[in-house]
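Please take a moment to look over the structure shown below, and then follow the paragraphs that lead through it one region at a time.

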Amino acid sequence: MSTLTRSVTIDAPVEKVFDLAMDVGKLWPCSPDVAVRDVELTPDGVGTKARIWTHGLGVHFEGSIEYTEVVRPERIVAHVAFGPEKPLWVFTFEPADAGTKMTGQGQWQVKAPAVGKTLEAWMAKSHEGFLETMLGNFKELVEAKKVPRGR
């Protein structure tokens, strides 16, 4: 298994950061290249899901994301299915000074003899910019005075 971990400190209380992250439509879009649609929110978070899509090398890619574990206000686990890629994403939230340290970790496991470990490492490496942008944009959203609806 290969992992990718990044953290950001957000100038807001843990509860506010966590509550906004419970909305996959607010957490997941990280750039104009990633879109989220068909968001279905559940009261406790487990089962919250959406369709996600992007384009790369002129090809349209579409997949899904579903929150499979929620521990309020500490942890959200999301399973993603994006073609053959099926990473597990874990987001944790903890107090940091007057704000919140939010950590995102992607985990890839490819069960393919001889090439699995190489593919896992490549997938993790290829998502560095995605995770950094995602956390940075989410930080900006949370710290903004007014949160837009239905983003």
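Which residues of helix 3 (residues 116–126) are buried? Before the answer, a word on the basis: this is a predicted model, in which local features need pLDDT of at least 70 and side-chain atom pairs count only at pLDDT 80 or more, while totals for chains, interfaces and linings use all residues. Residues are numbered from 1 along each chain as its sequence is written, and side-chain values use heavy atoms, with hydrogens and water left out.

The buried residues of helix 3 are G116, E120, M123 and A124, where buried means under 20% relative accessible area, exposed means over 50%, and partly exposed is in between, with a 1.4 Å probe and protein chains only. Helices (H or I, at least four residues) and strands (E, at least two) are DSSP runs, numbered from the N terminus. Looking down the axis of helix 3, one finds its buried residues within an arc of 95°, so they line one face of the helix; the arc is that of the directions from the helix axis to the C-beta atoms. As a general rule, an α-helix has 3.6 residues a turn, so residues three or four places apart point the same way. On the face of helix 3 turned away from its buried side are the exposed residues T118, W122 and K125. The cover over the buried residues of helix 3 includes strand 1 (2–10), strand 7 (99–108) and helix 4 (128–143), contact being defined as heavy atoms within 4.5 Å.

Helix 1 (residues 14–21) can be read in a similar way, for its buried residues are V14, V17, F18, L20 and A21. These residues cover an arc of only 165° around the axis, which puts them on the same side of helix 1.

Between helix 3 and helix 4 there is a loop, and H127 lies in it. With a relative accessibility of 16%, H127 counts as buried. Leaving aside its neighbours within four places in sequence, H127 is in contact with L4, E85, W89 and W108. The C-alpha atoms of H127 and L4 are separated by 7.8 Å, although the two residues are 123 residues apart along the chain.

H127 also leads to the largest pocket, which is lined by 21 residues, of which T54, F61, F82, E85 and H127 lie nearest its centre. The elements that give two or more residues to this lining are strand 3 (49–56), helix 3 and helix 4, and the largest share, 5 residues, comes from strand 3. A pocket here is found on a 1 Å grid over the protein atoms alone, as an open set of points where a 1.4 Å probe fits, with protein on both sides within 12 Å along at least five of seven lines, and lining residues have an atom within 4 Å of a point. The largest pocket has a volume of about 590 Å³, a volume being the space filled by probe spheres set on the points, which are joined across faces, edges and corners. Its lining divides into 13 nonpolar, 7 polar and 1 charged residues, where Ala, Val, Leu, Ile, Met, Phe, Trp, Tyr, Cys and Pro count as nonpolar, Asp, Glu, Lys and Arg as charged, and the others, Gly among them, as polar.

How many aromatic pairs are there? The count comes to 7 aromatic pairs, by a rule in which rings of Phe, Tyr and Trp (its six-membered ring) pair if their centres lie within 6.5 Å, with planes under 30 degrees apart counted as stacked, over 60 as edge-to-face and the rest as tilted. W28 and W89 form an edge-to-face pair, with 5.9 Å from centre to centre and 85° between the planes. W28 lies in the loop between helix 2 (24–27) and strand 2 (34–40), and W89 in strand 6 (residues 88–96), so this pair ties together parts that are 61 residues apart in sequence. Both W28 and W89 are buried. W28, W89, F91, W108 and F130 form one aromatic cluster.

Finally, two features of the backbone deserve a look. The peptide bond from R72 to P73 is cis, with omega near -15°, and P73 is found in the loop between strand 4 (59–71) and strand 5 (75–81). D38, in strand 2, has a phi near 55°, a positive value in a residue other than glycine.
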